[in-house]
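Hi,

Here is the structure I promised to pass on. Have a look at it first, then read my notes underneath.

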Amino acid sequence: ALVVMVAESADSTAQSVPEVPPEFLEVTDGTPSDAAIQQQQDEIRKAEAERSPLIADRQPLSALEEEYAGGSEVFRAKIGRLAESYTSIRRIRGDGNCFFRGFLVALLEGLLTRRDRTKVAAVKATIEAQKDKLIAQGYQALVFEDALEMLVGELDAVGLAEPLPLTYLIERLRNEETGNYIIMFLRMIAAAEIKMRVDFFAPFVLGLTDLSIDEFCASNVECMFEESDHIVVQALTDALKIPIRVVYLDGSLMGGSPDEVVNHEIVPEGCQPNPELTLLFRPGHYDILW
């Protein structure tokens, strides 16, 4: 089973952060402006993220256990329960794109590993069908066609009778420029799905913010390096017809048991309830588990 996980960085090594000019940081009364505070937070997050690889090699799940060796007993108990089902973790850089990058890598890696050419063809057809949906929602083909072709090319590569080696696939996806271009496309797909199904998604959006659907999509979905909430996860999953499982790794006690792990399965309409990705969620970041 394939898993994508959300996790906070455990690396506490000091990292210098680019300084923001004082004239930008302060408003007239000497108080930092909201924009200045946000920029400084973005710079800190960027500096922290760049300490980690874009897509790491697989590690045994014991690496996750070591991360919490001196920490919460609840987390350690839950990781012990996870170890009953999963054996390894592939970390994804926590740069705000980690859900989309994790989803992309997990999807392609899973398709390559299973070597199900029929499934590859079905995913490819679903991806190609997004073009008309995006155009109908006002996106210009010129903006996303190259990214669509890149993603279709990756699907063609994993669907060959003699598919490319896994190490080669991962190296291709580690090309940050290519990966980010495909992620831009995936963000558009998620945004278009939300816009197409306003009646379904509007209550969730209104529960989080006072933004309109278009404003929410522009600031929270289409914007690169913006973290993804459950609305975005649902939208991309529904649009691409990819059932997923989200596993919550947190400090909560479900039913009074410290090792109880909550699983939430998102199954798009018309799909079988057999998750192709499992997302292990810790606040702020996604990694991939096997």
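Below is what I found, going from the cores to the strands, the helices and a few single residues.

Before anything else: this is a predicted model, so please read everything below in that light.

**Cores.** The largest nonpolar core has 66 residues. Phe103, Phe185, Leu186, Ile194, Leu236 and Ile244 are the ones with the most contacts inside it. There is also a second, separate core, this one of 13 residues, with Leu82, Tyr86, Val261 and Leu289 among them. As background, nonpolar side chains in soluble globular proteins tend to be buried together.

**Strand S4.** S4 covers residues 244-248, and four of its five residues are buried, so the rest of the structure largely encloses it. Which strands does S4 pair with, and in what sense? With S5 (residues 262-266) the pairing is antiparallel, over five bridges. With S6 (residues 277-281) the pairing is parallel, again over five bridges. Valine 246 is a handy residue to click on here: it stands opposite histidine 264 in S5 and opposite leucine 279 in S6.

**Leading into S4.** Helix H12 spans residues 230-240 and holds threonine 237. Threonine 237 counts as buried because its relative accessibility is 0%. Beyond its sequence neighbours up to four places away, threonine 237 touches Ile242, Pro243, Ile244, Ile266 and Pro268. The loop between H12 and S4 contains lysine 241, which has a positive phi of about 60° although it is not a glycine. Lysine 241 is partly exposed, at 37% relative accessibility.

**H6 and H7.** How do H6 and H7 (residues 141-158) pack? Their axes are 10 Å apart, at an angle of about 175°. The cut-off for roughly antiparallel is over 145 degrees, and the two helices are therefore roughly antiparallel to each other. The H6 side of the contact includes Val120, Val123, Ile127, Leu134 and Ile135, along with the charged-name residues Lys124, Glu128 and Lys131. From H7, the contributors include Phe144, Leu148, Leu151, Val152 and Leu155.

**Lysine 119.** This one sits in H6, which runs over residues 117-136. Lysine 119 is partly exposed, at 22% relative accessibility; buried would need a value under 20%. Its side chain makes a polar contact with the side chain of glutamate 276, at 2.8 Å. Leaving aside neighbours within four places in sequence, lysine 119 is in contact with Leu111, Lys241 and Glu276, so you will meet the loop residue from above again here. The C-alpha atoms of lysine 119 and glycine 159 are separated by 8.9 Å, with their positions 40 residues apart along the chain.

**Arginine 115.** Between helix H5 (98-114) and H6 there is a loop, and arginine 115 is found in it. Its phi is near 55°, a positive value in a residue other than glycine. Arginine 115 is exposed, with a relative accessible area of 55%.

**Arginine 90.** Is arginine 90 buried or exposed? It counts as buried, at 4% relative accessibility, and its place is in strand S3 (residues 88-92). The side chain of arginine 90 reaches the backbone oxygen of alanine 56 at 2.9 Å and makes a polar contact with the side chain of glutamate 109, also listed at 2.9 Å. Not counting residues up to four places away in sequence, arginine 90 touches residues including Ile55, Asp57, Arg58, Leu166, Arg174 and Asp287.

Cheers

Definitions and conventions. Residues are numbered from 1 along each chain as its sequence is written. This is a predicted model: local features need pLDDT of at least 70, side-chain atom pairs count only at pLDDT 80 or more; totals for chains, interfaces and linings use all residues. Side-chain values use heavy atoms; hydrogens and water are left out. Buried means under 20% relative accessible area, exposed over 50%, partly exposed in between (1.4 Å probe, protein chains only). Contact means heavy atoms within 4.5 Å. A polar contact is a pair of N or O atoms within 3.5 Å; within protein, one must be able to donate a hydrogen and the other to accept it, and residues adjacent in sequence count only if both atoms are side-chain atoms. A nonpolar core is a set of buried Ala, Val, Leu, Ile, Met, Phe, Trp, Tyr and Cys residues joined through side-chain atoms within 4.5 Å. Two strands pair if DSSP finds at least two bridges between them. Axes are lines fitted to C-alpha atoms, for helices over the stretch in contact, and angles run from 0 to 180 degrees between N-to-C directions. Angles under 35 degrees count as roughly parallel, over 145 as roughly antiparallel, 65 to 115 as roughly perpendicular and the rest as oblique.
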